[in-house]
Amino acid sequence: MEGMQNPGFIYIIKSGEVVIESKIQFINKKLNHYGPGDVFGFVSAILQKQHQDTLIASKDCEIIKLSVDGFI
C-alpha cells in the first residue's frame, strides 16, 4: 500500500492480525501490529494522500472497508 493513493477508504480489522512495514523503525515491536478493532488509513483517506506504510496479514484477516462518508 505504501505510495499508493488512498481514494477515500478507511479500514477496520474485524478479525486477524496485520504487521506494519514502515520506513520508520519501531523500537517496541508490539507497536507494529494491528488486531481486531484497530483502524487504519484514516488520515490518508481524509486527505486523499498516499499511504505511508504497507500492511501484511500475519494471520487470516477479515477487513471492513468503508468510505470516509460511510465511516463518519
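In which helix does Ser 44 lie? In this predicted model, Ser 44 belongs to helix H1, which spans residues 42–47. The residue is buried, because its relative accessible area of 9% falls under the 20% limit. When neighbours within four places in sequence are set aside, the contacts of Ser 44 are with Asn 6, Lys 49, Gln 50 and His 51.

Helix H1 is part of a secondary structure that comprises two helices and six strands, arranged along the sequence in the pattern β-β-β-β-α-β-β-α. Of the 72 residues of the protein, 28% are counted as buried, and Ser 44, with its relative accessible area of 9%, is buried as well. Among contacts in the protein with a separation of 6 or more, 76% are accounted for by residues that stand 24 or more positions apart.

Three of the strands form an open sheet in the order S4-S1-S6, in which the pairing is antiparallel. The edges of this sheet are occupied by strand S4 (39–40) and strand S6 (62–67), and since each has a single partner strand, one side of each is left without a neighbour in the sheet. Strand S1, which covers residues 9–15, is joined to S4 by two bridges, and the two strands run antiparallel. Within this pairing, Tyr 11 has Phe 40 of S4 as its bridge partner.

With regard to the surface, the protein exposes about 5000 Å², of which 56% is supplied by carbon and sulfur atoms. A nonpolar surface patch of about 660 Å² is made by Val 39, Phe 42, Val 43, Ile 46, Leu 47, Phe 71 and Ile 72. Helix H1 provides the largest share of this patch, namely four residues, so that the helix holding the buried Ser 44 also contributes to the nonpolar surface. Another member of the patch, Ile 72, is located in the segment that follows helix H2 (68–71). Ile 72 is exposed, because its relative accessible area of 76% is over the 50% limit, whereas Ser 44 is buried at 9%.

Technical notes. Residues are numbered from 1 along each chain as its sequence is written. This is a predicted model: local features need pLDDT of at least 70, side-chain atom pairs count only at pLDDT 80 or more; totals for chains, interfaces and linings use all residues. Side-chain values use heavy atoms; hydrogens and water are left out. Buried means under 20% relative accessible area, exposed over 50%, partly exposed in between (1.4 Å probe, protein chains only). Contact means heavy atoms within 4.5 Å. Accessible areas come from the Shrake-Rupley method with a 1.4 Å probe; for residues, only the protein chains shown count as cover. Patches are made of residues with over 30% relative accessible area and no salt bridge: like charges are joined within 9 Å, nonpolar side chains (Val, Leu, Ile, Met, Phe, Trp, Tyr) within 5 Å. A salt bridge is a side-chain nitrogen of Lys or Arg within 4 Å of a carboxyl oxygen of Asp or Glu. Two strands pair if DSSP finds at least two bridges between them.
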